[in-house]
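Trainee: I'd like to learn how to read a fold like this one. Could you walk me through it?

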Amino acid sequence: MRKQSTAPAHLLGSSKLNPPQLALSYFLLPALMRFDILTIFPDFFRGPFDYGVVPRAFREKIAEAHTHDLRAFTHDRHRTVDDRPFGGGEGMVLKPQPIFDCADSLNLAPRATRDTTRESVILLSAQGKRFTQATARRLAKLDRVVLICGRYEGVDERVSQLLCDEELSIGDYVLSGGELAAAIIVDAVVRLLPGVLGHADSSRYESFGEGDEPSTESVVTDPNEPKGTRTTNASAGLLDYPHYTRPADFRGTPIPEVLAEGDHLKIRKWRRQAQLAKTLANRPDLLLKADLSDDDREYLATLRAGEHQ
Ligand code: SAM
């Protein structure tokens, strides 16, 4: 059977530059990050990759994603990708052979050298390590990420043992396939790539963002405000603060007054406290690892004291 990769045309990064332009672009353009997705449902990704920043990143050659149909790597006329589990039990298991043959066709570096080549082969699995924003930041530094989507009862364990660098789970629940998980990982990683979000620092100031140090820009967007005055804290592992837009009064609920007063320091303090309150209410586990100041701890103590009254 002919080995083919099915990459929807709009996902492929075909270059129309001539050789001197190409050479120049090597120095001027951000590196192109490549995703390869191994799946029995390549068309699944048309929806998730057609909206928002992901297709923009593909169009602007910041990233590209190639889907590979595992059935194209089978050798029987039924294009069989699964088989019964050894030892008995429920359901079917994805066979290793189409996955290994597909991976062989991708010219990946051997596992031992993938750190240096900045490649990673990942099996999506409910049994994997938890995919977090920190994982997304780590993957965003790579040149190439290969995502293997399981189906049925899962994937023959030798795929994890011999081919993959890690297994990732997107949460403590069981999906019917790895495709949704792969789409989520591509989305979370692509939006971190330089040039994808409008604001270089955006990802620092949202939920699970990093600490406050090297900020490349001020986060004040009002042109009348003094340059360099920031109304936002880096989230440093906390959840984001609440956002409001016009109208200032909606169905009888006004925005917090401080946000309309124009005092940057006060806004910054209010936002930090709102972040702390939301994190304490919804994700207290994050507070254990968050980068907290003495003021933060004091405010949390007040909130906790209030909870116990
Ligand atoms: N028997 C497996 C178990 O209990 O862990 C579940 C298999 S699940 C029905 C089929 C496929 O969906 C998995 O091989 C994996 O690729 C994907 N999957 C399911 N849950 C996932 C999760 N939380 N994160 C990432 N992938 C998941």
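Mentor: Let's begin with burial: a residue is buried if 20 or more other C-beta atoms lie within 10 Å of its own, exposed if 12 or fewer, and partly exposed in between. Keep in mind that this is a predicted model.

Trainee: Okay, let's try that on Val196: buried or exposed?

Mentor: Val196 has 21 other C-beta atoms within 10 Å, so the residue is buried. Val196 sits in the loop between H7 and S8.

Trainee: Which residues does Val196 touch, not counting those up to four places away in sequence?

Mentor: Leaving those out, the contacts of Val196 are Val53, Ala57, Ile62, Val190 and Arg191. There's also a link across the chain: 7.7 Å separates the C-alpha atoms of Val196 and Arg56, which are 140 residues apart along the chain.

Trainee: On to the sheet. In what order do its strands come?

Mentor: Read an open sheet from one edge to the other. Here 5 strands line up as S2-S1-S6-S5-S7, with parallel pairing. S2 and S7 (166–169) are at the edges with a single partner strand each, so one side of each has no neighbour in the sheet. On average, neighbouring strands are turned by 30° against each other, direction ignored.

Trainee: How many bridges join S1 to S2?

Mentor: S1 (residues 33–39) and S2 (residues 63–69) run parallel and are joined by 7 bridges. To get the register, look at a partner pair: Asp36 is bridged to His66 in S2. On the S6 side (residues 144–148), S1 pairs in the parallel sense over 5 bridges, and Ile37 stands opposite Leu147. As for burial, 6 of the 7 residues of S1 are buried.

Trainee: And what joins S5 to S6?

Mentor: S5 (residues 119–130) runs parallel to S6, and 5 bridges join them. Ser120 faces Val145 of S6 there.

Trainee: Which elements make the right-handed β-α-β unit?

Mentor: Follow the path from strand to helix to strand. In this chain, S1, helix H2 (residues 53–59) and S2 make that right-handed unit. Another helix to look at is H7 (residues 179–190), which lies across S1, S2, S5, S6 and S7 and runs at about 175° to S1.

Trainee: How should I read the backbone angles?

Mentor: Start from the usual case: most residues other than glycine have a negative phi, and most peptide bonds are trans. Now the exceptions. Lys61 has a positive phi, near 60°, and belongs to the loop between H2 and S2. Arg118, in the loop between helix H4 (114–117) and S5, has a positive phi near 55°.

Trainee: Why do Lys61 and Arg118 count as partly exposed?

Mentor: Use the counts again. Lys61 has 16 other C-beta atoms within 10 Å, so this residue is partly exposed. Arg118 has 14, so the label for Arg118 is partly exposed too.

Trainee: Where is the cis peptide bond?

Mentor: The cis bond joins Arg246 and Pro247, with omega about 5°. Pro247 is in the loop between H7 and strand S8 (249–250).

Trainee: Last one: how many residues surround the ligand?

Mentor: For a shell, check who lines it and what kind of residues they are. There are 20 residues around the ligand, the closest being Leu124, Ala126, Gly150, Gly178 and Ala181. S5 gives the most to that shell, with 4 residues. By type, the shell divides into 9 nonpolar, 9 polar and 2 charged residues.

Technical notes. Residues are numbered from 1 along each chain as its sequence is written. This is a predicted model: local features need pLDDT of at least 70, side-chain atom pairs count only at pLDDT 80 or more; totals for chains, interfaces and linings use all residues. Helices (H or I, at least four residues) and strands (E, at least two) are DSSP runs, numbered from the N terminus. Two strands pair if DSSP finds at least two bridges between them. A crossover is right-handed if, with the strands pointing away from the viewer, the path from the first strand over the helix to the second runs clockwise. Axes are lines fitted to C-alpha atoms, for helices over the stretch in contact, and angles run from 0 to 180 degrees between N-to-C directions. Two residues are in contact if their C-beta atoms, placed from the backbone, lie within 7 Å. A residue is near a molecule or strand if its C-beta atom, placed from the backbone, lies within 6 Å of it. Ala, Val, Leu, Ile, Met, Phe, Trp, Tyr, Cys and Pro count as nonpolar, Asp, Glu, Lys and Arg as charged, and the others, Gly among them, as polar.
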